[in-house]
Amino acid sequence: MKYELLRGGVDINRDPIQEILVTRGIPCMEIPNYLYTTDTDITPPEMLSNIVEGARLLLSYIDKNEKALLIVDSDCDGLTSSAVLTNFLYDLFPTWTEHNLHFFFHEGKQHGLEDVPIEADDFKDIHLVICPDAGSNDYEKHKYFKSLNKEILIIDHHEAEYESKDAIVINN
């Protein structure tokens, strides 16, 4: 959802939630659609670009019982998306998740692939790197990881200039 904070014109008599949405450009008549969603508001997963390719890639590593590295961003949506993905994988594939899903936590405010020491001995047996919440724009890192025979699965929501040719990027 794109929104824009509109300046001025705040109505102090309006419900605060309604006022927040209106000042972000959502018409009053559409507010119930945002507050009271139904299953019809859910985008079918197959409509997301590269979702099938991303799922096939991940499942191929699970089927072969191979290791994967999950990059965990240190901000709220990075931690949350990593936790949701890990819990989902654990529910479906508990043994694989316990033994084959490894984690890299950024030490500071870095995001995506920028400080991942992929050449380290700890990661030599890992050939799938999963990066939720970041990485769409890490084009040089995509190319570099690919040169080391690492496959990259990006699951992101940030704007990107273009789609990488060296990673599977799910970003709508």
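Two strands are said to pair if DSSP finds at least two bridges between them. In this predicted model, strand 1, made of residues 68-72, and strand 3, made of residues 128-132, meet that condition, since they are joined in the parallel sense over three bridges. Within this pairing, Leu69 has Val129 of strand 3 as its bridge partner.

The pair belongs to a wider arrangement, an open sheet of five strands with parallel pairing, whose order is 2-1-3-4-5. Strand 2 (101-105) and strand 5 each have a single partner strand, so they stand at the edges and one side of each is left without a neighbour in the sheet. When direction is ignored, neighbouring strands of the sheet are turned by 20° against each other on average.

Helices lie across these strands as well. Helix 3, which covers residues 51-63, lies across strand 3, strand 4 and strand 5, and runs at about 130° to strand 4, while helix 4, which covers residues 76-92, lies across strand 1, strand 2, strand 3 and strand 4, running at about 150° to strand 1.

From the sheet we can turn to a single residue, His157, which is found in the loop between strand 4 (151-155) and strand 5 (168-170). His157 counts as exposed because its relative accessibility is 52%, and exposed means over 50%. If its neighbours within four places in sequence are left aside, His157 is in contact with Asp77, Asp133 and Asn171. The side chain of His157 makes a polar contact of 3.0 Å with the side chain of Asp77, and another polar contact, of 2.8 Å, links the side chains of His157 and Asp133. His157 and Pro132 are 25 residues apart in sequence, and their C-alpha atoms are 8.9 Å apart in space.

Note on methods: Residues are numbered from 1 along each chain as its sequence is written. This is a predicted model: local features need pLDDT of at least 70, side-chain atom pairs count only at pLDDT 80 or more; totals for chains, interfaces and linings use all residues. Side-chain values use heavy atoms; hydrogens and water are left out. Helices (H or I, at least four residues) and strands (E, at least two) are DSSP runs, numbered from the N terminus. Buried means under 20% relative accessible area, exposed over 50%, partly exposed in between (1.4 Å probe, protein chains only). Contact means heavy atoms within 4.5 Å. A polar contact is a pair of N or O atoms within 3.5 Å; within protein, one must be able to donate a hydrogen and the other to accept it, and residues adjacent in sequence count only if both atoms are side-chain atoms. Axes are lines fitted to C-alpha atoms, for helices over the stretch in contact, and angles run from 0 to 180 degrees between N-to-C directions.
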